[in-house]
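Here is a short tour of a few local features that are worth a look in the viewer. Have the structure open and follow along.

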Amino acid sequence: MNLSLFISKRINQVEGGTFSSVIHRVAVVSIAMGLGLILISFLILTGFRENIIRKVVSFSGHYQVIRYSLSNSYEEDPISTNNPILEHWETFADIQGVYPYSNKPGLLKDNDEVAGIILKGVEESYQESGFLENVVAGSFPQFDATKRYDQQVMVSQKLANLLDLQVGDTTRMYFIQDPPRFRKVYVSGIYESGLEEFDEKVVLGDIRMIQRLNQWADTLVGGLEVHLKSMDHIDEVHEELFDLAGFDLFVTKVTDRHADFFDWLKLLDNNVVIFLTIILFVACFNMVSVVLILIMERTQMIGMLKALGATDFQVRKIFMYNGLLLIAKGMFLGNLVGLGFGFLQGNFHLIPLEMESYYMNHVPISWDWPMLLAANLLTLLVVALVLWIPTIVVTRVNPIRAIRFD
């Protein structure tokens, strides 16, 4: 029989309304609040990170394969679709798909309003890249294979508001070239990503329209977008694609093309580490204070146990077990609060956000179970180790003076 654990359970059964019961509640609530906030922070941060990355990748892929060029123009030098990456991408276990694209700058005009835009020509299979989650009205353009090119386009909500466009409207797109040209287009859908870099100028259309405007053959495109199944192996796959691409093609990573977004996400990670450290420090400080108070309350009991032959280690274990029982209760409530909030917010979107400021219309939630488990284990480990510090006081308790202590 474990004597220390037995005594710990007995002294942990305090009556309501006593000073000890108040101290126990304070300890449980402090652990519950700390762990709950940690879990909520991880749920929101992971959701925010995944949403931002998914939105950025939906516009530019994890990699773009383009021809080497010294020009800063939005228009690319064409590459052939008869290249090793497009032909052999299915041999890569981490690649989800490869999609040809072409960009062409132009003007979108409706009534008295004009907006500078980038027409991004894609194939109908591009909707499989994950772009559909940005669609807020209408549908992704359906390109008719029997036509030379299709006139359906998808514009952003920002451009639609500026030009007073709705799904089903027709408008004109002008291209500055020699000679200048225009095309009448039909709005099949409206998207909204919340990322101004894309919403202010990107219009999705048929890649065949750009091929005809540029007088390219059907086998020429502006570049290739490579989409991975996850970001986990982005550096390793990049090296393999770079070797496969050949001397005249350049493979750029999304983390390099949009470094500002990813640097910002790294800064958020640093803030969460600081936040986590502060919460753990407060929880540890509270538990140390609670154990010291419990030791002072049980000074006579400590003296009696020592007088009966109990070792310092045995007595210290009593308060260690007592603290661990309080931690277990607090962690149970903390998980209940944190995971409960995640479930409610993830399913019912109780807390809205402004799309213009946060790039999404509600607080995002992502269930990264390994991270949540690690947060629980870290909290248990750190607070449990810190509990051993205040029990040092037990070694300095004199049995005779402690028995007389009032």
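Strands here are DSSP runs of type E with at least two residues, numbered from the N terminus. With that in mind, Pro179 sits in the loop between strand S7 (170-175) and S8. The model is a predicted one, and it places a cis peptide bond between Asp178 and Pro179, with omega about -5°.

Moving into S8 (residues 181-191), we meet Arg183. Which side chain of opposite charge is nearest to this residue? That would be Asp206, 11 Å away, and Arg183 is buried with no salt bridge. Its side chain does have a polar contact of 2.9 Å with the side chain of Tyr149. Beyond its neighbours within four places in sequence, Arg183 touches several residues, including Thr171, Met173, Phe175 and Leu213.

Two residues other than glycine deserve a glance for their backbone angles. Most residues of this kind have a negative phi, but these two are positive:

| Residue | Phi | Location |
|---|---|---|
| His349 | about 50° | loop between H11 and H12 |
| Tyr359 | near 70° | loop between H12 and helix H13 (369-387) |

His349 counts as partly exposed because its relative accessibility is 40%.

The loop between H11 and helix H12 (355-358) also holds Leu350. Leu350 is exposed because its relative accessible area is 55%, over the 50% cut-off. Leu350 belongs to a nonpolar surface patch with Phe343, Leu344, Phe348, Ile351, Trp367 and Trp369, and together they have about 740 Å² of accessible area. Helix H11 (residues 312-348) gives the most to this patch, with 3 residues.

How values were computed. Residues numbered from 1 in each chain as written. Predicted model: local features only at pLDDT ≥ 70, side-chain atom pairs only at ≥ 80, totals over all residues. Heavy atoms only, no water. Helix = DSSP H or I, 4+ residues; strand = E, 2+ residues; numbered from the N terminus. Buried < 20%, exposed > 50% of the residue type's maximum accessible area, 1.4 Å probe, protein only. Lys, Arg positive; Asp, Glu negative; His and termini not counted. Salt bridge = Lys/Arg side-chain N within 4 Å of Asp/Glu carboxyl O. Polar contact = N/O pair within 3.5 Å; in protein donor to acceptor, adjacent residues only side chain to side chain. Contact = heavy atoms within 4.5 Å. Patch = residues over 30% accessible without salt bridge, like charges linked within 9 Å, V, L, I, M, F, W, Y side chains within 5 Å. Areas by Shrake-Rupley, 256 points an atom, 1.4 Å probe, with all protein chains shown as cover.
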